[in-house]
Every structure is written in structure tokens, then in C-alpha cells.
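Thanks for sending this one over. My comments follow as numbered points, to be read with the model open beside them.

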Amino acid sequence: MASKVNLDISERLDITCRRGDTFELTLTLKTSAGAAIALSTGSYSFLMQVWEVSKKSTTPVMGSTDLGIQVTNRFEPFTVDNSGNVTIKATATTMRNVPAGRYRYDLQQIKPVSGAADSHTTILFGSFVVNDDISKSLS
């Protein structure tokens with residue numbers, strides 16, 4: 001008889017980006033059989049939040065949505081397609097407002113379930129490092 005079950009399917013992906021640069025990351029999501037997930041047809045949505053490493057903060061540094069939490073620096077609305085691609089973007093202006101530092105994040109996939117509450121699954125987590133930038137926009 002099994003003595004342990006692990007329902008955590010999330011994978012670690014550490015992200016490093018630069019303060020003041022446009023942020024764009026495209027991920028391709030597939031089933032365990034290797035088939036692309038039809039994200040548009042399936043009406044999937046995603047939630048991503050970036051938090052300070054210390055647990056003292058009560059608000060995320062960045063987020064895709066607030067869900068009742070105040071988020072000053074927002075990712076652009078995520079774009080999805082039926083080839084399994086989800087694209088996460090933040091403008092250079094948004095990234096300029098994120099202080100250089102080491103943070104933590106996770107990305108949740110939200111799948112509608114007919115007649116029931118949506119299914120939330122954390123698919124990625126890791127460090128989110130923002131390196132300082134030397135050049136500053138003059139505009």
C-alpha cells in the first residue's frame with residue numbers, strides 16, 4: 001500500500017531580468033503525453049505574483065491581478081493560444097518601478113470546471129531576480 005502522495009506538480013524555473021527593460025516570457029504548456037494544451041479554447045487564465053523573499057511584506061512587488069490584494073506593478077494581461085503558449089509581459093515603465101533585488105514568485109494555471117469551482121494549479125515557482133540597470137530613459 002502507498003504511504004505517500006505528492007500532489008505538487010509545480011516545477012522550479014528561476015527568472016532573472018533587468019530593471020527598466022521590457023519583460024517578455026513565453027512558455028509552452030503541454031500534457032504529460034507531449035500534446036500542446038489548447039489554452040484559448042479551454043478558457044484558461046493565469047495568476048502570477050512576485051513577492052519579497054522575506055515574509056514581512058503584505059503586498060506583492062508585482063502581480064498579474066490583485067484578487068483583493070493591492071498590486072502597484074502589474075504584468076500586462078497574459079496572452080494565450082491553442083498551441084499551448086502563454087506569454088507574460090511587463091512594460092519597461094513597469095519594470096523601472098520594480099526595485100533591483102531578489103524575490104520569489106509562482107505562476108498558477110486556472111482552468112474553468114463546468115458546474116464547479118475553477119481548478120487552480122501552481123505550475124511554476126522560483127526566484128525572480130531583478131538586476132539593476134545603468135542606463136536610464138530620458139523621456
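1. Let me begin with the pairing of β7 and β8. In this predicted model, β7 pairs with strand β8 (residues 85-90) in the antiparallel sense, over two bridges. Within that pairing, valine 80 stands opposite valine 86 of β8. If you want a spot to centre the view on, that pair of valines would suit.

2. Zooming out, β7 and β8 belong to an open sheet of three strands, and the order is β3-β8-β7 with antiparallel pairing. The edges are β3 (23-28) and β7 (79-80), each of which pairs on one side only. As a reminder, strands of a sheet pair through backbone hydrogen bonds, either parallel or antiparallel.

3. Next, a residue from another strand. Glutamine 49 sits in β4, which covers residues 45-52. Is glutamine 49 buried or exposed? Its relative accessible area is 12%, and because the cut-off for buried is under 20%, glutamine 49 counts as buried. The side chain of glutamine 49 has a polar partner: a contact of 3.1 Å joins it to the side chain of tryptophan 51. For a sense of the wider layout, glutamine 49 and isoleucine 123 are separated by 74 residues in sequence and by 13 Å in space, taken from C-alpha to C-alpha.

4. How many salt bridges does a search of the whole structure find? The answer is two. One joins the side chains of arginine 12 and aspartate 14, with an N to O distance of 2.9 Å. Aspartate 14 is partly exposed, at 42% relative accessibility.

5. The other pair deserves its own point. Arginine 19 forms a salt bridge with aspartate 132, and the closest N and O atoms are 3.9 Å apart. Arginine 19 lies in the loop between β2 (15-18) and β3, whereas aspartate 132 lies in the segment after β10 (119-131), so this salt bridge ties together parts that are 113 residues apart in sequence. Both partners are partly exposed: arginine 19 has a relative accessible area of 25%, and aspartate 132 has one of 45%. Do keep in mind that the cut-off for a salt bridge is 4 Å, with this pair at 3.9 Å.

6. On to the largest pocket, which holds about 320 Å³ of space. Its lining has 14 residues, and those nearest the centre are Ile9, Glu11, Leu29, Lys30 and Ile123. The elements giving two or more residues to this lining are β3 and β10. Of these, β10 gives the most, with three residues. So β3 comes up twice in this note, as an edge strand of the sheet and as a contributor to the pocket lining.

7. What is the make-up of the residues lining the largest pocket? Seven are nonpolar, five are polar and two are charged.

8. One last backbone detail for you to look at. Serine 43 has a phi near 55°, which is a positive value in a residue other than glycine. Serine 43 lies in the loop between β3 and β4. At 47% relative accessibility, serine 43 is partly exposed.

How values were computed: Residues numbered from 1 in each chain as written. Predicted model: local features only at pLDDT ≥ 70, side-chain atom pairs only at ≥ 80, totals over all residues. Heavy atoms only, no water. Pairing = 2+ DSSP bridges. Helix = DSSP H or I, 4+ residues; strand = E, 2+ residues; numbered from the N terminus. Buried < 20%, exposed > 50% of the residue type's maximum accessible area, 1.4 Å probe, protein only. Polar contact = N/O pair within 3.5 Å; in protein donor to acceptor, adjacent residues only side chain to side chain. 1 Å grid on protein atoms, 1.4 Å probe; cavity = no way out; pocket = protein on both sides within 12 Å on 5 of 7 lines; lining within 4 Å. Points joined across faces, edges and corners; volume = space filled by probe spheres on them. Nonpolar A, V, L, I, M, F, W, Y, C, P; charged D, E, K, R; others polar.
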